[in-house]
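Please open the structure in your viewer and keep the selection tool at hand. The tour below goes from one selection to the next and says what is found at each stop.

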Amino acid sequence: MLRPADILMAHRRMAGIVYPTPLEFSRPLANVAGAEVFLKLECAQVTGSFKIRGAASALLSGEGRWPVVACSAGNHALGIAYAAAHAGIDATLVLPENASPAKIQALQRYPVNLLFLGKDYDEAEAAAMRLAHEEGQRFISPYNHPDVIAGQGTLGREILDQLPNAEVLVVSVGGGGLISGIGIWAKAINPKLRIIGVQAEHSAAMHASLQAGQLVQIQHRPTLADSLAGNLEAGAMTFPLVQQLVERIVLVSEPQIAAAMRWLLDEHHLLVEGSAAVTIAALLEGMIPGLARQRVVALLCGRNVTTETVCAVMHS
């Protein structure tokens, strides 16, 4: 079981690579939700996403400079690329063929080997794991890795340093590494703190698994929250953590995600990807009970979205 001490060690490993991001009060969202709502602007992180935290933590976890293989729809790959370039570690990044063009373009700026294998994330992940095994290299999962989870957990530490009396944390969920890491720290500091997850209903493997009481495979549909899409790896360590730490996961639709992206641009002049906007969608739609007069933090986990997607969302 990961402990808060592991998160503190991850924080020390990441010094000089990962920096704190702002926490901003949202008066417009407070008026809608009837609560004190703060936005954690992890979309301002150096690679445009929280994923740099877990990537840097895993790369620098004491296994030397052994080459690594990672699979990602984009943000984890960006985090690995940035941290690997900083540390001088060779990295091969496997992306699905449907990866975001904006993220591909960003990755091409780094000295990494890019491979496009598989039509979606699940196929790409399987190919990346085979490649790592065949080449004798480290495979760094975007979520199913203790050092990655510890790195994401530094966000929980940072949020509660900035707002010690927070009562509810609303977090995007894909494979569960982010919400697991945040939950480990937050529940250790305040066991009464509520952790709420949000997924896109078009790709909600964690929600389906929680409903079934075991890991299940689901069929996915295209989603604006592409960074959250994909099934969970067999035996994923995040599943029992989410079962233990998270109060509930709510699902949002594609129109609700698009509306939340537009709302953030109109009200806060913040451009975020769909994976970040799911938390705002849940708050705007009143999907989370018991928020009245509570101190709520909604995490905005990333900003890496294509111009084409933004234009489509603005006109939808």
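Begin with the open sheet of six strands, whose order is β1-β2-β10-β7-β8-β9 and whose pairing is mixed; bear in mind throughout that this is a predicted model. Select β1 (23–25) and β9 (248–252), which stand at the edges of this sheet, each with a single partner strand, so that one side of each is left without a neighbour in the sheet. If you look from strand to strand, neighbours in this sheet are turned by 25° against each other on average, direction ignored.

Next, select β2 (residues 36–41) together with β10 (295–300). These two strands run parallel and are joined by six bridges, and as an example you can pick Leu39, whose bridge partner in β10 is Ala298. On adding β7 (168–172) to the selection, you will find that β7 and β10 also run parallel, here with three bridges between them, and that Val168 has Val296 of β10 as its bridge partner. Is β10 largely enclosed or not? Five of its six residues are buried, so β10 is largely enclosed by the rest of the structure.

Now turn to the helices that lie on this sheet. Helix α7 (residues 146–162) lies across β1, β2, β7 and β10, and runs at about 135° to β2. Helix α9 (residues 205–212), by contrast, lies across β8 (194–200) and β9, and its angle to β9 is about 135°.

Helix α8 (residues 177–189) deserves a selection of its own. Its 13 residues should span 18 Å at 1.5 Å a residue, and the end C-alpha atoms are 19 Å apart, which agrees. Ten of the 13 residues of α8 are buried, so this helix is largely enclosed by the rest of the structure. The buried residues include Gly177, Leu178, Ile179 and Ser180, and farther along the list Ile184, Trp185 and Ala186. What do the buried residues of α8 pack against? Their partners are α1 (4–13), α7, β7, β8, α10 (238–245) and β10.

Move on to the other sheet, an open one of four strands in the order β5-β4-β3-β6, with parallel pairing. Here β5 (113–116) and β6 (138–140) stand at the edges, each with a single partner strand, so one side of each has no neighbour in the sheet. The twist from one strand to the next averages 25°. Select β3 (residues 68–71) and β4 (residues 91–95), which run parallel and are joined by four bridges, and within this pair find Val69, whose bridge partner in β4 is Thr92.

Two helices can then be added to the view. Helix α4 (residues 75–87) packs on the sheet and touches β3, β4 and β6, its direction making about 170° with that of β4. Helix α6 (residues 121–135) also packs on the sheet, touching β3, β4, β5 and β6, and its direction makes about 170° with that of β3.

Then select helix α11 (residues 254–268) and helix α12 (residues 274–284), whose axes are 8 Å apart and which pack at an angle of about 95°. Because angles of 65 to 115 degrees count as roughly perpendicular, α11 and α12 are therefore described as roughly perpendicular to each other. On the α11 side the contact is made by Gln256, Ile257, Ala260, Met261, Trp263 and Leu264, and on the α12 side by Gly274, Ala277, Val278, Ile280, Ala281 and Leu284. By class, this contact of α11 with α12 has ten nonpolar residues, two polar residues and no charged ones.

The last stops are two single residues in loops. His269 lies in the loop between α11 and α12, and its phi is near 55°, a positive value in a residue other than glycine. His269 is exposed, with a relative accessible area of 66%. Where does Arg293 lie? Arg293 is found in the loop between α12 and β10, and although Arg293 is not a glycine, it has a positive phi of about 60°. Arg293 is exposed, with a relative accessible area of 71%.

How values were computed. Residues are numbered from 1 along each chain as its sequence is written. This is a predicted model: local features need pLDDT of at least 70, side-chain atom pairs count only at pLDDT 80 or more; totals for chains, interfaces and linings use all residues. Side-chain values use heavy atoms; hydrogens and water are left out. Two strands pair if DSSP finds at least two bridges between them. Axes are lines fitted to C-alpha atoms, for helices over the stretch in contact, and angles run from 0 to 180 degrees between N-to-C directions. Contact means heavy atoms within 4.5 Å. Angles under 35 degrees count as roughly parallel, over 145 as roughly antiparallel, 65 to 115 as roughly perpendicular and the rest as oblique. Ala, Val, Leu, Ile, Met, Phe, Trp, Tyr, Cys and Pro count as nonpolar, Asp, Glu, Lys and Arg as charged, and the others, Gly among them, as polar. Buried means under 20% relative accessible area, exposed over 50%, partly exposed in between (1.4 Å probe, protein chains only). The expected span of a helix is 1.5 Å times one less than its number of residues.
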